[in-house]
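Here is a short report for a first look. Please keep the sequence and the 3D view open while reading.

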Amino acid sequence: QGQLVESGGGSVQAGGSLRLSCAASGFTYVRLMGWFRQAPGKEREGVAVISTRTGITYYSDSVKGRFAISRDTAENTVYLQMSSLRPEDTAMYYCAFRTRNTLVTAAFYFQRHEYDYWGQGTQVTVSS
């Protein structure tokens, strides 16, 4: 059974940076690795995804140019480097893996129901 454990969250002032990590164990095949976030009273939204097949990365418009997703295959870890943080980036951040080996197009990469495993989340708070 796969497990995901996030770390690296914390409190930072606007304009600062954080790097989130997601340590994975127990997986034999992963199709997509993603980072989602959920602010109080809001829906969970996808912010960054990486395809394990192509290595191509995808970002939501709200974080494009500021966040970068990457993975270390040897360490089974996926990262989210966050820069130029804004108060509106404040949220619980979740790592998610898609392990279903079925067709999915990029248009659906930020849909939470496309993912099969989730971490417990790590809190990011950005103050102005």
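The report below takes up the strands, the disulfide, two buried charged residues and the aromatic rings.

## A predicted model

This is a predicted model. Every value below is computed from it.

## Strands β4, β5 and β6

Begin with β4 and β5. They pair in the antiparallel sense over six bridges. Phe36 stands opposite Gly46 of β5. The hairpin of β4 and β5 has six residues between the strands. There, Gly41 takes a positive phi near 80 degrees.

β5 also pairs with strand β6, residues 57-59. Three bridges join β5 and β6, which run antiparallel. Ala48 has Tyr59 in β6 as its bridge partner. β5 and β6 form a hairpin too, with five residues between them. Gly55 in that turn has a positive phi of about 80 degrees. How enclosed is β5? Six of the seven residues of this strand (residues 45-51) are buried, so β5 is largely enclosed by the rest of the structure.

## Strands β3, β7 and β8

β8 has two partners to look at here. β3 and β8 pair in the antiparallel sense over six bridges. Ser21 stands opposite Tyr79 in β8. Strand β7, residues 67-72, is joined to β8 by six bridges, and these two run antiparallel. Arg71 stands opposite Val78 in β8.

The hairpin of β7 and β8 has four residues between the strands. Asn76 takes a positive phi near 50 degrees in this hairpin. Strand β8 covers residues 77-82. Five of its six residues are buried, so β8 is largely enclosed by the rest of the structure.

## The disulfide

How many disulfides does a search of the whole structure find? It finds one. Cys22 and Cys95 form this link, with their sulfur atoms 2.2 Å apart. Cys22 lies in strand β3 (residues 18-25) and Cys95 in strand β9 (residues 91-98), so the pair ties together parts that are 73 residues apart in sequence.

The link has a hand. At -80 degrees about the S-S bond, the link of Cys22 and Cys95 is left-handed. Both cysteines, Cys22 and Cys95, are buried.

## Glu6

Glu6 is placed in strand β1, residues 3-7. Is Glu6 buried or exposed? Its relative accessibility is 4%. The cut-off for buried is under 20%, so Glu6 counts as buried.

The side chain of Glu6 reaches two backbone nitrogens. That of Gln120 is reached at 3.0 Å. The backbone nitrogen of Gly121 lies 2.9 Å from a polar atom of the Glu6 side chain. Glu6 also touches residues further off in sequence, including Cys22, Trp35, Tyr94 and Cys95. Both cysteines of the disulfide are thus among its contacts. Glu6 and Gly46 are 40 residues apart in sequence and 16 Å apart in space, C-alpha to C-alpha.

## Arg37

Arg37 is found in strand β4, residues 32-38. Arg37 is buried, with a relative accessible area of 5%.

Which side chains make polar contacts with the side chain of Arg37? One is that of Asp89, at 2.9 Å. Another is that of Tyr93, at 3.0 Å. Arg37 touches further residues beyond four places away in sequence, among them Glu45, Val47, Ser62, Phe67 and Met92.

## Aromatic rings

The count of aromatic pairs comes to six. One of them joins Phe36 and Trp118. Their ring centres are 4.9 Å apart and their planes stand at 65 degrees, so the pair is edge-to-face. Phe36 lies in strand β4 and Trp118 in strand β10 (residues 117-118), so the pair ties together parts that are 82 residues apart in sequence. Phe36 is buried, at 0% relative accessibility. Trp118 is partly exposed, with a relative accessible area of 27%.

Two arginines also sit at the ring of Trp118. Arg44 lies over the face of Trp118, at 5.0 Å from the ring centre. The charged end of Arg112 sits over the ring of Trp118, 6.0 Å from its centre. Elsewhere, ring pairs link Phe27, Phe97 and Tyr117 into a cluster.

Definitions and conventions. Residues are numbered from 1 along each chain as its sequence is written. This is a predicted model: local features need pLDDT of at least 70, side-chain atom pairs count only at pLDDT 80 or more; totals for chains, interfaces and linings use all residues. Side-chain values use heavy atoms; hydrogens and water are left out. Buried means under 20% relative accessible area, exposed over 50%, partly exposed in between (1.4 Å probe, protein chains only). A polar contact is a pair of N or O atoms within 3.5 Å; within protein, one must be able to donate a hydrogen and the other to accept it, and residues adjacent in sequence count only if both atoms are side-chain atoms. Contact means heavy atoms within 4.5 Å. A disulfide is a pair of cysteine sulfur atoms within 2.5 Å. Rings of Phe, Tyr and Trp (its six-membered ring) pair if their centres lie within 6.5 Å; planes under 30 degrees apart count as stacked, over 60 as edge-to-face and the rest as tilted. A charge sits over a ring if NZ of Lys or CZ of Arg is within 6 Å of the ring centre and within 35 degrees of the ring normal. Two strands pair if DSSP finds at least two bridges between them.
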